[in-house]
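User: I'd like to go through this one and hear the reasoning behind each label. Can you take me through the reasons step by step?

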Amino acid sequence: MSDQAAISVHDVSKTYRIYGNPFGRIKELMPWNKHPHHQAVHALTGVNFEVESGQCVGLIGGNGAGKSTLLKILTGTTFPDTGGYSIRGNVASLLELGAGFTMDFTGRENIYMNGAMMGISHREMRSRFDEILEFSELHEFIDAPLRTYSSGMICRLGFSVAVATDPDVLIIDEILSVGDMNFQRKCVERIYDYKKNGKTLFFCSHSLYDVRQICDDAIWLDRGTLRMQGDAVSVTNEYSTLQNQLSDDDGDLNADPDDFYRDQPHLVSATLIDLATGEPRARFQPGEGLGVRIHLRNGDTPKEITVGVAVMRRDKLILFSASTEMDKVPVNIDNEGFVTLLLPDLRILAGEYVLMCGVMDRHGFHRFHQLPTSENLIIEVAKEKDLGVLLHDHQWKVESRTATPGEAERKV
Amino acid sequence: MTTPELLHTYDAATNPKGMLRHLTPLIGYPGVVASNTTLIANFFRRDLLGRFRGSFLGLFWVLVQPIFLFAIYFMVFGFLFAPKGQTGAASVEFAIYLFGGIIAFSSFSESTTRSCNTVLENGNLVKKVRFPCELLPISNILVALIVYAVGAVVLLCVGLSLGQITVGAHMLALPLVALVHFTMCLGVGLLLATLQVLVRDTVHLYTIAQQAWFFLSPVFWPYSMIQGKLLDYGLGQWSWLIEFNPLYGLVQSHRQALGFGHDHIQMHRYVMTPAGEHVPMVDGHHVVESLPGLWYHLGLASAWSLLFLLIGYSFFMSRKNKFSDLV
């Protein structure tokens with residue numbers, strides 16, 4: 001165990017016993033009992049991992065993979081059967097919307113109550129109160145009972161209190177999805193700040209996009225065992241590949257821009273063009289120049305945005321993606337404008353591809369709108385013998401072990 | 001940046017098992033209570049307000065309930081079932097005796113019954129938030145103590161105005177009695193809360209057991225009456241069993257600290273001879289027996305309350321880690 005690890009989990013296993021009826025429990029206590037009267041559910045088996053301080057780790061996995069159990073163990077509300085864990089610093093966790101809140105209390109009272117549960121005195125909470133109120137934006141509702149709040153408002157209050165306690169380790173279980181877009185963006189900005197200060201974040205989400213954007217690392221739990229740990233992108237890729245193999249459902253590929261998007265940055269159209277002529281064109285040969293011309297509007301209140309394009313095979317395998325945020329290209333569009341992605345030398349082999357374009361906030365986290373190009377990209381056969389999807393730069397080197405070493409290099 | 005110290009660790013291999021291992025943290029329990037006063041105050045407020053939420057009179061019911069209860073006892077036992085030949089102040093005596101016992105007993109029974117479900121009712125907290133859940137029964141006990149205090153004030157007002165209650169140094173013992181009462185409720189409450197998580201039938205069984213406990217405790221009857229009954233059946237040597245009831249000392253010390261002594265109500269049909277034998281009382285006999293005082297009863301109650309706290313606390317703490325899986 002490294003001394004610097006913020007979270008260290010070793011050999012954690014947890015089994016739940018499900019009893020068919022209450023007598024099963026009593027029967028098992030009897031010394032003459034021979035066979036078990038329960039059904040064992042192995043929520044976690046032999047999970048080991050470490051999280052360094054200042055890292056943001058995403059926890060992914062299907063339903064029943066043990067994610068919630070692991071988060072509960074780290075929170076300290078349930079305990080493993082074998083193994084153990086250690087966490088450096090104080091922990092704040094948001095396991096459920098409104099957990100730890102009393103519905104009859106006002107928002108203000110709940111802030112103090114929540115602080116008290118985390119062992120923070122009334123006086124200390126009072127000094128942080130303005131910060132919490134400011135962040136939650138619940139000024140006019142703060143003295144109303146919590147049962148009059150919407151779920152989004154409860155989420156805002158919960159998140160605001162949790163981050164205001166300035167924990168060294170913050171554990172969040174899939175609750176950010178409740179808040180509205182503005183608040184989600186605020187949370188994400190707060191999380192970025194939080195990461196910058198060297199604090200640790202442990203984050204569980206079903207949105208691979210969120211995990212990829214917020215987290216450095218990811219942990220993939222599969223039916224109670226640790227399937228993979230590594231950088232967020234490769235783990236989510238592995239995970240989504242498996243998911244796509246399992247089920248090929250239609251996502252929101254064909255979302256249309258409707259009235260809902262009018263005040264948000266949104267895409268009007270995305271067209272494939274010939275780089276040489278500037279004319280629309282959908283059929284290309286490998287090696288030709290392709291442009292993806294995106295027409296977008298920046299909504300009523302222009303802001304800095306990120307534009308991204310992903311080239312996908314029909315089975316949603318992403319061959320290539322680019323975003324202005326990753327390439328550090330600022331996109332400042334006043335009201336309406338065009339952004340064009342230039343691919344001067346197409347390196348994709350024959351087939352039909354979907355190009356998905358998206359407009360996101362400046363961190364590339366929150367996606368305002370996405371749209372596929374008006375036509376799918378069709379790459380026509382270049383050479384009959386090409387196999388695969390990519391035309392990669394490559395060289396050959398042949399070494400022979402005879403007396404006169406024959407070396408041949410041929411550039412393709 | 002400095003590395004924060006290791007604050008949260010757990011290892012299944014080194015985690016103590018068994019009830020006795022969980023006894024030692026009892027020393028730290030008052031400390032846990034003291035450092036979480038804000039939390040307890042919040043729970044207390046929630047429980048108190050929650051009980052009267054939505055009602056028109058709200059907290060006023062805390063006041064109304066004991067007054068009406070007392071008025072009923074006053075009418076029923078002061079007039080309807082007044083002892084033969086007694087009228088006026090003397091007949092009220094029994095009503096006051098009864099009421100003093102009832103407020104003490106019902107405060108105990110209410111707080112312990114509510115404690116049964118306290119972990120289950122706060123299941124969402126226990127599952128999702130890390131906090132010292134051994135504090136959960138406390139708020140119920142405090143609410144019941146408030147109800148008790150209102151009843152005690154009513155009793156004192158009526159008792160003093162009718163001359164049935166004497167003001168004296170014994171009233172200084174009231175806070176001490178309340179502390180012993182609190183400890184007893186907490187011990188039993190922790191025990192029942194844990195049992196209820198493991199076996200959901202506990203609360204139903206306990207409600208029935210309480211009915212029996214009510215009549216086994218000196219609420220309705222004075223000591224001399226039961227002793228007389230036992231002597232009738234020739235079971236005089238078993239009269240110590242009356243005092244073996246954990247609530248005996250507690251109810252008696254409540255009454256004595258309120259200034260309504262043990263000696264007020266005496267239904268003696270036997271008197272003790274100088275040789276220590278009980279003989280049937282005939283006209284002209286004087287009761288020479290002096291009954292034990294407040295300190296005797298309080299000592300008895302303290303011993304029981306500490307025993308219950310030891311058992312309840314260690315049982316609760318030894319099962320605490322399992323709560324979130326069982327609720």
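**Helix, sheet and interface**

Analyst: Sure. In this predicted model, α2(A) lies across β3 (56–60), β5, β6 (169–173), β7 (200–204) and β8 of chain A, and runs at about 150 degrees to β6(A).

User: What makes β8 and β9 of chain A a pair?

Analyst: Two strands pair if there are at least two bridges between them. Strand β8 (residues 217–222) and β9 of chain A have 6 bridges, in the antiparallel sense, so they pass as a pair by that cut-off. One of the links puts Ile219(A) opposite its bridge partner Gln229(A) in β9(A).

User: And why is the sheet called open?

Analyst: Look at the order, β5-β6-β7-β3-β8-β9 in chain A, with mixed pairing. β5 (91–94) and β9 (225–231) of chain A sit at the edges with a single partner strand each, so each has one side without a neighbour in the sheet. From one strand to the next, the twist averages 15 degrees.

User: How do you know which residues count as touching between chains A and B?

Analyst: The test is C-beta atoms within 7 Å. By that test, 36 residues of chain A are in contact with 30 residues of chain B. On the chain A side, α2 (67–75), β4 (82–88) and α3 (107–117) each give two or more residues, and β4(A) has the largest share, with 7 residues.

User: What is that side of chain A like by class?

Analyst: It has 17 polar, 13 nonpolar and 6 charged residues.

Technical notes. Residues are numbered from 1 along each chain as its sequence is written. Chains are lettered from A and ligands numbered from 1 in the order in which they are written. This is a predicted model: local features need pLDDT of at least 70, side-chain atom pairs count only at pLDDT 80 or more; totals for chains, interfaces and linings use all residues. Two residues are in contact if their C-beta atoms, placed from the backbone, lie within 7 Å. Helices (H or I, at least four residues) and strands (E, at least two) are DSSP runs, numbered from the N terminus. Ala, Val, Leu, Ile, Met, Phe, Trp, Tyr, Cys and Pro count as nonpolar, Asp, Glu, Lys and Arg as charged, and the others, Gly among them, as polar. Axes are lines fitted to C-alpha atoms, for helices over the stretch in contact, and angles run from 0 to 180 degrees between N-to-C directions.
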